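Here is a structure to explore at an easy pace. Have a look at it first, and then we'll go through some of its parts together.

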Amino acid sequence: MQLVRAHVLVCGGTSCTSSGSKQVQEVFQKELEKHKLEQEVKIVETGCHGFCEMGPLVIIYPEGTFYVRVTPEDVPELVEEHLLKGRIVNRLLYKAPVTEEQIPTYKEIAFYRKQLRVALRNCGSINPENIQEYIARGGYEGLEKVLFEMSPEDVIAEVKRSGLRGRGGGGFPTGLKWEFCRRSPGDLKYLICNADEGDPGAFMDRSVLEGDPHSVIEGMTIAAYGIGCREGYIYVRAEYPLAIKRLKIAIAQAEELGLLGENILGSGFSFDLHIKEGAGAFVCGEETALMASIEGRRGMPRVRPPFPAQRGLWDKPSNINNVETYANVSVIILRGADWFAGMGTEKSKGTKVFALTGKINNTGLVEVPMGITLREIIFEIGGGIVGDKQFKGVQIGGPSGGCIPVELIDTPIDYESLIAAGAMMGSGGLVVMDETTCMVDLARFFLNFTQSESCGKCTPCREGTKRMLEILTRICEGKGVPEDIDTLERLGRVIKGTALCGLGNTAPNPVLSTLRYFRHEYEAHIMDKRCPAHACSALLVFTIDEEKCIGCGRCLKACPVGAISGAKKEPHKIDPEKCIKCGTCFEKCRQNAILRL
Amino acid sequence: MCECGCTQPAEDVQKERELETLFESWRGVKGSLIPILQGAQAIYGYLPREVLLQIARETGIPPSRVFGVATFYAQFHLSPRGRNIVRVCLGTACHVRGGARIFERVQQELEIGNNETTPDLRFTLETVACLGCCGLSPVIMVNDDTHGRLAPDKLKDILVNYQ
């Protein structure tokens, strides 16, 4: 192996790629060649580091210097200063949001300091397209241990003892699920990985698949050995082309080294893994719908029981887990159930990855021990709210989850506490909202999503979500009537209790939880025809503050319907009859003279 | 022109050959309908009616089921699409950072609505629930390029680059 004196890690995750990390990498290559450093310095394209807000990210080792928002133009300076002269380029370091202090290494940054990376252990540290780098970090040692030192029963017992629960949202104990499938009669059993990550605002599965695909493959192979499966499928969203590409590379590399396929490592155990690309249907994240889709049918769920462990793919016993769940397995085997169970709370062990988005300073992917409070995630890791706005609440678990208000910000994050608060872990999307987010509009947004993704098989979901959406739309347009709140609650309860699958059962959650904590906002829309967050455009009135207006004419020129009039350098006026409430004037005004009431 | 002397354009012949290769590679594989549809759409850009019927004949799956699957999944298109696909993200993170305003402005600029194509086949407009780069929100994707941290005013300058 060739030894080099420095490594340049360039993030090749989706977010950093869209902000130009590929070009950064190309310029690095050219600059290194120019300075004849290509033998001394190695460029590694890694998976996601999680700190997407600051991308493109570049980390230079051995020092571990963390450079943020690096542009191709910055690269010549980085090569000359850092790699040739050994001087840190201060202007590209991360600045702490409050103190403005520049922080050179990423371990010291608040965003990373509180994290505990288990499922994301290799993401951002290795080249995901090179199996040797995964092996160098202890990869496939768990598989070797399982094949030669443990019986299938031992594997299941170990996973059960670790307390690992499904990371896809439901939280069912993983070891128990495996045991059910193992005990089901039949020789032919299937193992499935659910990588149909469809929740808007969640991208942890994508990052694991893009940044560390072997951890999922190894976890699946261990599960297959424990349960007794010969064949497995990874069902990936078609919207994730990079994840699919990296998985294909990883599977081919593992097969070549005898870590997958026939007679793995000479143990006599065989396991074949296939990739199935989804075709764009949110409901396929539901396990029975996902299996229907693999079989080549419309992705519609069916009644359970029989559960997949009894009758799943092609009517054979099948085990299905989420990406993040499998990514935890090999570490549990290698470091032991006790180590894993030492993290987290009594009933929720280990760590969980969250996608932190919305009105928060540090957008990105974070992995934290279970039991940490929302306050720690939002204000310490997330760096607080953007601007000087007031924190209002956080939506957990995407369209299936609920809103947790500021009063409950000290709620510990575990499966049970979140359900008690009216939300759920879901896939782990955390969308932070400030005072300018309207909760009625947010509930409408989620319901619009679930309604359009409803497969239409069962009546409560097909008809019920449509009626709820109609009511919410009406309320946002200022046409709500007082009975609407009761109707929403009644419909919500009925759909929750009677829909066929998880999509329908959880679809009312965003409405019910906002009704529980933000009922006053619904009432303001219905009774006073007012949107407290100034977000619902139909309820807004735009006027111009004559004191502040300097008559610059920017709003007048920008107004698409000519509703603004006034002489130059005189205060302008908005004609409420003509105004379409598009908000363009509000954006254009530099004097803050446009008022939204 | 086709080699055999008929008036069929060479391009169509080429596509038919690709389709036959596709059928061959999936023959006898269970659960192959979706990958075949994906492959056919990659060849034709969309799924013409005749191709769907041909898939039904080749696989022995009833046409009703082939159409059923093709219309169930958002990925499949039964009518021709524009040269440039504009996807506006309406995911949660983009929503709270003004994604709806971006979507409105794109519709105004292109003078088409969701899932519509401009008459000159230059643009097709679609929405997506999440592109998974919430750090850049609000985001749109034109073909394979992601444009992030958008404001409605930036859209015109972006779209003009795509002919």
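Two strands count as paired if DSSP finds at least two bridges between them. Helices (H or I, at least four residues) and strands (E, at least two) are DSSP runs, numbered from the N terminus. This is a predicted model, so keep in mind that local features need pLDDT of at least 70 and side-chain atom pairs count only at pLDDT 80 or more, while totals for chains, interfaces and linings use all residues. As for bookkeeping, residues are numbered from 1 along each chain as its sequence is written, chains are lettered from A and ligands numbered from 1 in the order in which they are written, and side-chain values use heavy atoms, with hydrogens and water left out.

**A sheet in chain A**

Let's start with a sheet. In which order do the five strands of the open sheet in chain A run? The order is β12-β11-β15-β13-β14, with mixed pairing. At the edges stand β12 (364-369) and β14 (402-405) of chain A; each has a single partner strand, so one side of each is left without a neighbour in the sheet. From one strand to the next, the twist averages 30°. For angles like this, axes are lines fitted to C-alpha atoms (for helices, over the stretch in contact), and the angles run from 0 to 180 degrees between N-to-C directions.

Zoom in on one pair: β13 (residues 391-396) and β15 (residues 429-434) of chain A are antiparallel, joined over five bridges. Within that pairing, A:G393 sits opposite A:M433 in β15(A). Helix α21 (residues 509-517) of chain A packs on the sheet and touches β13 and β14 of chain A, where contact means heavy atoms within 4.5 Å. The direction of α21 makes about 25° with that of β14(A).

**A covered helix**

Next up is helix α10 (residues 213-227) of chain A. Its 15 residues should span 21 Å at 1.5 Å a residue, and the end C-alpha atoms are indeed 21 Å apart, so the two agree. The expected span here is 1.5 Å times one less than the number of residues. How many residues of α10(A) are buried? The count is 15 of 15, with buried meaning under 20% relative accessible area, exposed over 50%, and partly exposed in between (1.4 Å probe, protein chains only). Just after α10(A) comes A:G228, with a positive phi of about 95°.

**Backbone oddities**

A few loops have backbone features to look out for. The peptide bond from A:G55 to A:P56 is cis, with omega near -10°, and A:P56 lies in the loop between β2 (41-46) and β3 (58-61) of chain A. Another cis bond runs from A:P305 to A:P306, with omega near 0°; A:P306 is found in the loop between α12 (287-294) and β10 (318-322) of chain A.

Then there is A:L265, which has a positive phi of about 50° although it is not a glycine. At 34% relative accessibility, A:L265 counts as partly exposed. In chain B, B:E111 is also not a glycine, yet has a positive phi of about 55°, and B:E111 is exposed at 73% relative accessible area.

**Cysteines and charges**

How many disulfides does the structure hold? The answer is zero over all chains, a disulfide being a pair of cysteine sulfur atoms within 2.5 Å. A:C16, for one, has its nearest cysteine sulfur, that of A:C11, 3.6 Å away. A:C16 counts as buried, at 3% relative accessibility.

Salt bridges (a side-chain nitrogen of Lys or Arg within 4 Å of a carboxyl oxygen of Asp or Glu) number 50 over all chains. Here are some of them:

| Pair | Closest N to O |
|---|---|
| A:E376 and A:K114 | 2.7 Å |
| B:K15 and B:E11 | 3.9 Å |
| B:E126 and B:R81 | 2.3 Å |

A:E376 in helix α15 (residues 374-381) and A:K114, in a loop of chain A, are 262 residues apart. By contrast, B:K15 and B:E11 are four residues apart in helix α1 (residues 10-26) of chain B, about one helical turn. In the remaining pair, B:E126 is buried at 9% relative accessible area, while B:R81 is partly exposed at 22%. Finally, salt bridges that share partners join A:K22, A:E45, A:E129, A:K245 and A:R246 into one network.
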